[in-house]
Every structure is written in structure tokens, then in C-alpha cells.
Amino acid sequence: MFRISETNSTHLYMVGKPAIVPGEFPVTVAASVKRDVVCVGYTGAKAGTSCASFTPEGLGQMKQAVEFDLGQTTPPKGPTNTLAQVFFTANDTRLITTVKGDPNTNKTGFVSVLPFKNSRSSTFESLDTRSSQSGTAVLFGGVNIPDTSDLFITDASFGAALLNLNLTTDKVSIQRKLVIEGQKATCWAAYSHARESVFVTDAAANRLIEISEDGSKIMSTLDLKNGDPGLIDIQISGRFVYALSPGNGTTPAAITVVDSFQGRQIQHFMLNKLGAGKRSQGMAIFE
């Protein structure tokens, strides 16, 4: 856990001590301020999610919440048949985990839903509910659609899908599929409150796709001409979209900033200027 200096926003310093994750190859993290809980997903030979409490003094002890038997190695052979993302539902009552399938071995991915024990608890139920959706294959990044129980989740094999979470059974069902023509690996997603839409990125294509929040249509496509090989993590603040290109060992990692209302790039910031390595991943906005 790190804290950002109030006088120097580029200065991060550790709070407390690192927490040991009881799994292998951690890839995703989510925090609930309402519950004071942080969860980490890992996807190696021992795959699953573990969670810990956090306070202003730092992280508590990580305890395994869910285990997934993916038959993987450490490091995993991927990117298919691996855990993709963990995130909390909008009302912080459940932890959602997306797990990618593997079309080459007819292995279907699924969505795991793990509820908290009650409205005030910071501990989870002992068992999660897992649902596979017909027609999906490589479920990846997910976001909540505000004021609904819908989940918008990308699928690297065809584009994206709108799923519905049944708040009584915790099962997830598919509402709508959207095929993105020319997509190669649609993976990350972010919700735009300003435009009431979802933006998605493609790890192998340098473009941003904007999709209606009901998953019915593509609203805009922006092909970027800045030389990045593709985009992964994406964050949105107001009208501005921030998309991360991780770098590939030849091109440096970079962040593209797009004005979502004007539909144009307004900045392309090379991260090697800040000392970032040839391959970077993960991004967050501090507001």
C-alpha cells in the first residue's frame, strides 16, 4: 500500500509493510473503500483471490477467499485459461472475478460472484457462484453499468458482452453480444459517466472503441496514429480518456489522452521520461 505525498504528487511512499498473497502470479487488484477491503487475484499454479482489510496504517493479513482450479503453471501459459480481473459491484456487496476460457481446448470461461456476509460485514461468504455464458470464450475486463445490475465485460475473442447479475441467485446471464469488426484482443474497459458509455481497448490494435452502455452499438471509433502497437489498461476522468500502451521492448510505454467529446488525441506521453521500463501495466487515477 502506498500513499501519495500531499506536497509532491510524483512522490509515493509505502504505508505499513507488504502483504504476502497466498497464491501465485498476482495480476489484478480491487479495493472497496466502503468495506475497507482490498482483494488480489492470482492466476498461476495456485489460482484464486485473496483479500485483506486496510487502514491508514497499511494492509492487514491476506486470506484466501476463492480458489480456482485452472490447471495452470507459474508463470501461467496464457493469456487464455487465466484469471482476468477482480472488481466490486457498484454497491460493494459482491466481489466479481472474470476468468478467461481457452477456445483451443474447448474450455469455457466464467464469472465468479462472491457476496459479503451482510450489508456491514467485511468478510465474505464461504462459497462463490460461477456462471458460464454461451457464446463467450475469453471474458476479460469488466465494469458496472450505473443504476443497474448489469455488467459490461469484454471478450478478447469477439468484442464485448452485456451480462446481468441476478441479485437473488448471484448467477450471471448474457443479455447481449457485440462483435467488434477487426478486433484482435479486446481486453480492458472503462465507464464514462460524462458520455454514459463504455470505452474499450485492444491489446493488439491502436484504437479506442466507444460502446453504448446497453451494449447494443458502437458509438465511435478512434484510430490513433501515434505509433503505439496497442492499448491495455484504460481510465476515464470527466471528458478525458487515458489509455496505456505497455510498450513491447521496441516502442516505449506511453499514455494517450483523448478528449471523448471531440474524439481526438490531445496528448501522447512517453513513460520512459519518468523512468518506466520497456513494459508497463496497470494504471489508476487519483482525484
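Modeller: In this predicted model, two strands count as paired if DSSP finds at least two bridges between them. By that rule, S8, S9, S10 and S11 form an open sheet in that order, with antiparallel pairing.

Colleague: Which strands are at the edges of that sheet?

Modeller: Strand S8 (83-88) and strand S11 (129-131). Each of them pairs on one side only. From one strand to the next, the twist averages 20 degrees.

Colleague: What makes S9 and S10 a pair?

Modeller: The rule asks for at least two bridges. Strand S9 (residues 94-99) and strand S10 (residues 110-115) have six, in the antiparallel sense. They therefore count as paired. One bridge links isoleucine 96 to valine 113 in S10.

Colleague: Take the sheet S12-S13-S14-S15. Why are S12 and S15 said to stand at the edges?

Modeller: This sheet is open too, with four strands and antiparallel pairing. Strand S12 (139-144) and strand S15 (172-179) each have a single partner strand, so one side of each lacks a neighbour in the sheet. The twist here averages 25 degrees from one strand to the next.

Colleague: How do you know that S13 and S14 pair?

Modeller: Count the bridges. Strand S13 (residues 150-155) and strand S14 (residues 159-165) share six, running antiparallel. The cut-off is at least two, so the pair qualifies. Leucine 151 has leucine 163 of S14 as its bridge partner.

Colleague: What makes S20 and S21 a hairpin?

Modeller: Two residues lie between them. Strand S20 (residues 234-237) and strand S21 (residues 240-245) pair antiparallel over four bridges. The rule needs at least two, so the pairing holds. Isoleucine 236 has valine 241 of S21 as its bridge partner. In the turn, glycine 238 has a positive phi of about 60 degrees.

Colleague: What else does S21 pair with?

Modeller: Strand S22 (residues 254-259), antiparallel, through six bridges. Valine 241 stands opposite valine 258 in S22. Valine 241 is also the bridge partner of isoleucine 236.

Colleague: Now the empty space. How many cavities of 30 Å³ or more does the count give?

Modeller: One. The largest cavity has a volume of about 30 Å³.

Colleague: Why is that space called a cavity?

Modeller: A 1.4 Å probe fits inside but cannot get out, so the term is cavity. The lining is Ile180, Thr186, Val200, Thr201, Asp202, Arg207 and Ile209.

Colleague: Which strands supply that lining?

Modeller: Strand S17 (197-202) and strand S18 (205-212) each give at least two residues. The largest share, three residues, comes from S17.

Colleague: What makes the lining of the largest cavity mixed in character?

Modeller: Three residues are nonpolar, two polar and two charged. Asp and Arg count as charged, so Asp202 and Arg207 fill that class.

Colleague: Why is the second largest pocket called a pocket?

Modeller: A pocket is an open set of points, so the term differs from a cavity, where the probe cannot get out. The second largest pocket has a volume of about 230 Å³.

Colleague: Which residues line the second largest pocket?

Modeller: Val37, Cys51, Ala52, Ser53, Gln61, Lys63, Gln64, Ala65, Ser122, Thr123 and Phe124. Strand S5 (47-55) and strand S7 (63-68) each supply at least two residues of that lining.

Colleague: How does that lining divide by class?

Modeller: Five nonpolar, five polar and one charged. Lys counts as charged, so Lys63 is the charged one.

Methods:
Residues numbered from 1 in each chain as written. Predicted model: local features only at pLDDT ≥ 70, side-chain atom pairs only at ≥ 80, totals over all residues. Heavy atoms only, no water. 1 Å grid on protein atoms, 1.4 Å probe; cavity = no way out; pocket = protein on both sides within 12 Å on 5 of 7 lines; lining within 4 Å. Points joined across faces, edges and corners; volume = space filled by probe spheres on them. Axes fitted to C-alpha atoms, helices over the stretch in contact; angles between N-to-C directions.
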